[in-house]
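Reader: I would like to go through this structure with you, asking about side chains and the contacts they make. Could you keep each answer to a short piece of reasoning?

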Amino acid sequence: MIINKDFASGESLGKRQRQEDFCSFILLDEQTSFSNGVLAVIADGMGGHAAGDEASKIAVRTFSDFFLNNKSDLLTLFTHSLNEANNKIKILSDNVGICGCTLIAALIFDNYLKWISVGDSLLYVYRNGELKKQNADHSLYPILIEQYNRGEISIEEVNQNKNVLCSAVDGNKLELVDINVEGINLEENDVILLATDGIETLEENEIRQALEDYSDITDAKGMSDVLLNMVSNKGIQHQDNTTVMVIKI
């Protein structure tokens, strides 16, 4: 199987004053270790902090540049690229104040999806009517849900704190990093989706249904537009920025 290179991204400002998400696709060539692969990188600037928009751009660009310009095994490349991005955010933080972002870098190469991730942005694979989240959630949400299920806190307390990050690319020690270099085997007609947490306005089943309805009749750009329109149509008062990256296999 050869990836058909049908990939696209889209973004929505939502109800925010500025766009703090950033993403980039890179088609890898023979000068890299992963010729004919695709690298997708997405970041979501930390809301309520200084220069979230700059943080996400710096993180994506620094990660991508290091990955492109160095050759090594994937674990080393992923780790060093992330550390380089984190170091650049430390410099930014020293100049403008506390800032940071989430980050997912996903490599589609040789029939496999492999990734490194920090924060609460989302990586999904849709296959044969099923949508499965692949990366770990580094927000407080999983912890809060456990506390709620034990009757220790209310659902209101869950919702108040669910977006607090336990790990972020913020110039400090990376407390939690989700990395998978073994990868998952891709199949024909799979759809890979990277998204910032603004997409969580939609239920997972709504995302799954949209991918099921449109994966056979539109390209990656059309699918990204459908998802963003669905988020917008919810009419949420404080809708966050939403960015999606779609790769069709």
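Reader: Does Glu20 count as buried or exposed, and at what relative accessibility?

Author: Please keep in mind that this is a predicted model. Residues under 20% relative accessible area are classed as buried. Glu20 falls under that cut-off, so Glu20 counts as buried, at a relative accessibility of 9%.

Reader: Which side chain meets Glu20 in a salt bridge at 3.0 Å, N to O, and which residues are joined into one network by salt bridges that share partners?

Author: The side chain that meets Glu20 at 3.0 Å, N to O, is that of Arg18, and Arg18 counts as partly exposed at 37% relative accessibility. Through salt bridges that share partners, one network is formed, and its members are Arg18, Glu20 and Asp53.

Reader: How many residues apart in the chain are Asp240 and Arg16, which the salt bridge links?

Author: The structure holds 9 salt bridges, and one of them joins Asp240 to Arg16, with the closest N and O atoms 3.3 Å apart. Asp240 belongs to the loop between helix H6 (220-233) and strand E10 (242-248), while Arg16 belongs to the loop between strand E1 (6-12) and E2, so that the pair links distant parts of the chain, 224 residues apart.

Reader: Which parts of the chain does the pair of Glu187 and Arg127 tie together, and how far apart in sequence are they?

Author: The side chains of Glu187 and Arg127 meet in a salt bridge at 3.6 Å, N to O. Glu187 is in the loop between E8 and strand E9 (191-195), whereas Arg127 is in strand E6 (residues 122-127), so the parts tied together are 60 residues apart in sequence.

Reader: Turning to the aromatic rings, why is the pair of Phe34 and Phe109 edge-to-face?

Author: A search of the whole structure finds 6 aromatic pairs. Planes over 60 degrees apart count as edge-to-face. The centres of the Phe34 and Phe109 rings are 5.2 Å apart, and the pair is edge-to-face because the planes stand at 85°.

Reader: Where in the chain do Phe34 and Phe109 lie, and how many residues apart are they?

Author: Phe34, which counts as buried at 9% relative accessibility, is in the loop between strand E2 (21-27) and strand E3 (38-44). Phe109, which counts as partly exposed at 24%, is in strand E4 (residues 103-109), and the two are 75 residues apart.

Reader: Which helices hold Phe63 and Phe78?

Author: Phe63 and Phe78 form a tilted aromatic pair, with 6.3 Å from centre to centre and 40° between the planes. Both Phe63 and Phe78 are buried. The pair ties together parts that are 15 residues apart in sequence, because Phe63 lies in helix H1 (residues 52-69) and Phe78 in helix H2 (residues 74-96).

Reader: Which element gives the largest share of the largest nonpolar core?

Author: In soluble globular proteins, nonpolar side chains tend to be buried together. Here the largest nonpolar core has 28 residues, and Phe63 and Phe67 are those with the most contacts inside it. The elements that give two or more residues to this core are E3, H1, H2, E4 and strand E5 (112-118), and the largest share, 7 residues, comes from H2.

Reader: Which residues make the nonpolar surface patch of about 210 Å²?

Author: One member is found in strand E8 (residues 178-185), namely Ile179, and Ile179 is partly exposed, with a relative accessible area of 31%. The patch of about 210 Å² is made by Leu75, Val177 and Ile179.

Conventions
Residues numbered from 1 in each chain as written. Predicted model: local features only at pLDDT ≥ 70, side-chain atom pairs only at ≥ 80, totals over all residues. Heavy atoms only, no water. Patch = residues over 30% accessible without salt bridge, like charges linked within 9 Å, V, L, I, M, F, W, Y side chains within 5 Å. Areas by Shrake-Rupley, 256 points an atom, 1.4 Å probe, with all protein chains shown as cover. Salt bridge = Lys/Arg side-chain N within 4 Å of Asp/Glu carboxyl O. Helix = DSSP H or I, 4+ residues; strand = E, 2+ residues; numbered from the N terminus. Buried < 20%, exposed > 50% of the residue type's maximum accessible area, 1.4 Å probe, protein only. Phe/Tyr/Trp six-rings, centres within 6.5 Å; stacked < 30°, edge-to-face > 60°. Core = buried A, V, L, I, M, F, W, Y, C linked by side-chain atoms within 4.5 Å.
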